[in-house]
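Q: Please take a close look at one part of this model: its salt bridges. Walk me through them step by step, in plain words.

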Amino acid sequence: MSSVFSRLLVVLFILFAPVSAFAVNPDEVLADPALEARARTLSAELRCMVCQNQSIDDSNADLAKDLRLLVRERITDGDSDDQVLNYIVSRYGEFVLLKPRVGMKTVLLWGAPALLALAGGLSLLLFARRRAGKPTGSKLTADEQAKLSELLKK
């Protein structure tokens, strides 16, 4: 019984083991290993615009293949890594980068929620301080004061 169970566990492990499968086809690979390594590094930094949470290196989409070929073409033409990235960003926007560059837009994007939370906390604090000094309710009338005194004496 335990033999069957252990074999079943091995089969399940093999079936559900994560398999690393890159979408780069053999016809896309550059002959020079150094250039291919640069292309793979750049492809890992670029987002597939179809899949959106995968790099173009991992995606099987046609657009991802076109971008992989474009990266390799630009590298073989002698562009530096920054020139290749700038070229692709100029056509697809900053969204194509999996790790956005730090700039004024990204600082505003990531800093705005913290600034809004800070402003909200300060306004709540000021509002609470202003209310703390003000009396709540109204003064008792003479009749109410007399009734209260009478109740307290009992």
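A: Start with a definition. A residue counts as buried under 20% relative accessible area, as exposed over 50%, and as partly exposed in between. Keep in mind that this is a predicted model.

Now the pairs. Side chains of opposite charge can pair when their charged atoms come close. The structure holds 6 salt bridges. Here we look at three of them, beginning with Asp57 and Arg40.

Asp57 and Arg40 form a salt bridge, and their closest N and O atoms are 3.7 Å apart. This pair links distant parts of the chain. Asp57 sits in the loop between helix 2 and helix 3, while Arg40 belongs to helix 2. The two are 17 residues apart. How covered is each partner? Arg40 has 27% relative accessibility. That value falls between the two cut-offs, so Arg40 counts as partly exposed. Asp57 has 4% relative accessibility, so Asp57 counts as buried.

Does the story stop at two residues, or where does it lead? Salt bridges that share partners join Glu36, Arg40, Asp57 and Arg72 into one network.

Next, take the other two members of that network. Glu36 pairs with Arg72 in a salt bridge, with 2.8 Å between the closest N and O atoms. Again, distant parts of the chain are linked. Glu36 is in helix 2 (residues 33–45), and Arg72 is in helix 3 (residues 62–76). They are 36 residues apart. Glu36 has a relative accessibility of 8%, so Glu36 counts as buried. Arg72 has a relative accessible area of 3%, so Arg72 is buried as well.

Now turn to another pair that starts from helix 2. Arg38 and Asp81 meet through their side chains in a salt bridge, at 2.8 Å from N to O. Arg38 lies in helix 2 and Asp81 in helix 4 (residues 81–92), so this bridge ties together parts that are 43 residues apart in sequence. Arg38 counts as partly exposed, at 26% relative accessibility. Asp81 also counts as partly exposed, at 30%.

Put the pieces side by side. Helix 2 holds Glu36, Arg38 and Arg40. From helix 2, one bridge goes to Arg72 in helix 3. Another goes to Asp81 in helix 4. A third goes to Asp57 in the loop between helix 2 and helix 3. Cover varies along the way: Glu36 is buried, whereas Arg38 is partly exposed.

Terms used:
Residues are numbered from 1 along each chain as its sequence is written. This is a predicted model: local features need pLDDT of at least 70, side-chain atom pairs count only at pLDDT 80 or more; totals for chains, interfaces and linings use all residues. Side-chain values use heavy atoms; hydrogens and water are left out. A salt bridge is a side-chain nitrogen of Lys or Arg within 4 Å of a carboxyl oxygen of Asp or Glu. Helices (H or I, at least four residues) and strands (E, at least two) are DSSP runs, numbered from the N terminus. Buried means under 20% relative accessible area, exposed over 50%, partly exposed in between (1.4 Å probe, protein chains only).
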